[in-house]
Amino acid sequence: HAAIEAHLDAYDLRETVEHESENYFASIEQVMVRQAQGQPVLYYTWTPFWLSSVLVPDEDVVWLTVPGETTATNLVDGQNLGFDINQIEILASPEFLAENPTVARFFEVAKVPIGDVNRQNQRMRNGENTPQDIRHHAETWVADNQGVFDDWLAEARSAR
């Protein structure tokens, strides 16, 4: 909220952008309706998040950038989104990793594409959200990406 408010001031957007901050999810429903009607939309989001499987970046919408470069907000390609970037990483104790080098290597090499995570989040939003559903999503992803998964396993096993 504070970052958006600062951007509205810094880039003189107050006369053209209305910041609806009371209920993010209600606002997003309105964004999807407006976008479907061909009207302009401006919203903030994060990934992974189901919304990016509905309004797909670089297909339906584009990420906006702000001038300048700061290490904390750069994307891999150098774009500055104006927000700190968070990373999703697997956490494990050093002792566990030392005792399980195969698992440690698997954690290093396994990288599920963000679009796939967004689509899985959408499935949960659509009601497929039980532990059994989520396990099925994972098993289906592995089956659909068996070659990639097998490569991860082979790389992990080489760490023995």
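**Exercise 1. Backbone outliers**

Where is the place of Asp12? Describe the backbone and the exposure of Asp12, and then do likewise for Asp58 and Pro48.

*Solution.* The structure is a predicted model, in which local features need pLDDT of at least 70 and side-chain atom pairs count only at pLDDT 80 or more, while totals for chains, interfaces and linings use all residues. Residues are numbered from 1 along each chain as its sequence is written, and side-chain values use heavy atoms, with hydrogens and water left out.

Step 1. Asp12 sits in the loop between helix H1 (2–10) and H2, where helices are DSSP runs of H or I with at least four residues, numbered from the N terminus. Its phi is near 50 degrees, a positive value in a residue other than glycine, and Asp12 is exposed, with a relative accessible area of 66%; here exposed means over 50%, buried under 20% and partly exposed in between, using a 1.4 Å probe and protein chains only.

Step 2. Asp58, in the loop between H3 and helix H4 (94–99), likewise is not a glycine and has a positive phi of about 70 degrees; at 67% relative accessibility, Asp58 counts as exposed.

Step 3. Thr47 and Pro48 are joined by a cis peptide bond with omega of about 0 degrees, and Pro48 is placed in the loop between H2 and H3. For context, most residues other than glycine have a negative phi, and most peptide bonds are trans.

**Exercise 2. The second largest pocket**

Determine the volume and the lining of this pocket.

*Solution.* Step 1. The volume of the second largest pocket is about 370 Å³. A pocket is an open set of points on a 1 Å grid over the protein atoms alone, where a 1.4 Å probe fits, with protein on both sides within 12 Å along at least five of seven lines, and lining residues have an atom within 4 Å of a point; the volume is the space filled by probe spheres set on the points, which are joined across faces, edges and corners.

Step 2. The pocket is lined by 15 residues, of which Asp116, Gln120, His137, Ala138 and Trp141 are the closest to its centre. Helix H6 (114–125) and helix H7 (131–144) are the elements that give two or more residues to this lining, and H7 gives the most, with seven residues.

Step 3. By residue type, the lining of the second largest pocket divides into seven nonpolar, four polar and four charged residues.

Note on methods. Nonpolar A, V, L, I, M, F, W, Y, C, P; charged D, E, K, R; others polar.
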